[in-house]
Amino acid sequence: MKLASLFSGGKDSCLALFLAKKAGHEIACLIAIESENKESYMFHVPSISQVKKQAEAMNIPLIRQKTKGKKEAELKDLEKAIKLAKEKYGVEGVVTGAVESVYQASRIQKITNDLDLECFNPLWQKDQLELLNDLIKNKFEVVITGVFAYPLTKEWLGRKIDKKFIEDAKTLYEKYKINPAGEGGEFESFVLYCPIFRKKLEMKNKKIFGEKNSWRMEAEF
Amino acid sequence: MILVISICKEKLHELEFVKPIEEILRKGRIRFCTKHYRDLKKKDIDNAQKIIICGTSLRDNNYLEHLGKFEWIKDYKKPVLGICGGMQVIGLRFGGKLKQNTEIGFAKIRFNKAFLGFDGEKEVYELHNYYVDGLKDLDIFAKTKFAQAIKHKKKEIYGVLFHPEVRQKEIVLNFAEK
């Protein structure tokens, strides 16, 4: 089936896309929503302007849709982008990286259902540690680009998701109930490499912003 | 051994509708094996102690064109739990009619009688474009405008229209451990 990937550049949307491709589906385009609202419940915000580099690395066309990020208006903007993917690339469905958020998943389900499109959520209800381990198993290279919860500090920025990261994430969960995969928005990630990238992305000119337990890293690739 | 049946047309949808059920069973240390309805053999059904028929995506109605593959349900004597599309299969096998109504997201439902350890008001996750109406030999244990939880009058055959793998996972465990 020809699919559009709802793509944020983070580990979940990239792993979902990878699984869809592995199952034999064609990814006809990526859809990236650029929200001006950094607190958006719907969309992962950091590093979105760098998604273009990932799209080039995968050789998949990218639809970029800006939104002010106001609650219902951002859904209209998402619908507009999905409709464009259907008209321009003839997609028959979308694939998303939704794991736990019913808020996010049910809104996407409503939009795709109204547009007569299939909706695939291959990470739905997936165990968070299993998800992190799958990234390593499938040779993903993922870095942390944002942390937004106590006791996470700027030292976590730029860390790669590896065995040591998973151990530390497990400890944070046991002590502070921080979701190991950052599902509650505790941290954000960016994929530098996965097996469908033709080349690995390198980070340059890293800049760090933030205070206390809220830090963000921006970089060029 | 519990037999988990997939009704998904697309293999990728099994990660969303079958695997979460398998995970609940795995965490509950309950033995199971999974088969697609197209590949079911008589011995799979005979060997199972219980059967769970999972749901599928909103727009996947392919299984409705192959209801003949589920003829065994009417004479089956052991426990069965049908989830969403699986409940529709059970309802249709017992003379119900398919009707269109879309529900997506959280909903509150009230169990008017104890159902697999559930009673009173519960929050559930809905994801369906159809439901079954005109159910014969099946009692309704919870409903909104239409049946949300059903059980056969005489047999251990259950159906839920909502998705317990998202909210109220205990329904699956209670069925498996009953």
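**A tour from the core to the chain interface**

Start by selecting B:C54: setting aside neighbours within four places in sequence, B:C54 is in contact with B:V4, B:I5, B:S6, B:I7, B:F17, B:V18, B:I21, B:I83 and B:G86 (contact: C-beta atoms, placed from the backbone, within 7 Å). You are looking at a predicted model, where local features need pLDDT of at least 70, side-chain atom pairs count only at pLDDT 80 or more, and totals for chains, interfaces and linings use all residues. Residues are numbered from 1 along each chain as its sequence is written, while chains are lettered from A and ligands numbered from 1 in the order written.

Next, add A:I31, A:V94, B:I52 and B:I53; together with B:C54 they have the most contacts inside the largest nonpolar core, which has 111 residues. Such a core is a set of buried Ala, Val, Leu, Ile, Met, Phe, Trp, Tyr and Cys residues joined through C-beta atoms within 7 Å, buried meaning 20 or more other C-beta atoms within 10 Å of a residue's own.

Now show both chains: 18 residues of chain B are in contact with 17 residues of chain A. On the chain B side, α1 (14-17), α2 (19-27), β5 (97-115) and β6 (118-133) each supply at least two residues. The largest share, four residues, comes from β5(B). Helices (H or I, at least four residues) and strands (E, at least two) are DSSP runs, numbered from the N terminus.

Finally, select helix α6 of chain A, residues 163-176. Its 14 residues should span 20 Å at 1.5 Å a residue (times one less than the number of residues), and the end C-alpha atoms are 20 Å apart, which agrees. One residue of α6(A) is buried. Just after α6(A) comes A:K177, with a positive phi near 60 degrees.

Note on methods
Buried ≥ 20, exposed ≤ 12 C-beta atoms within 10 Å, placed from the backbone. Contact = placed C-beta atoms within 7 Å.
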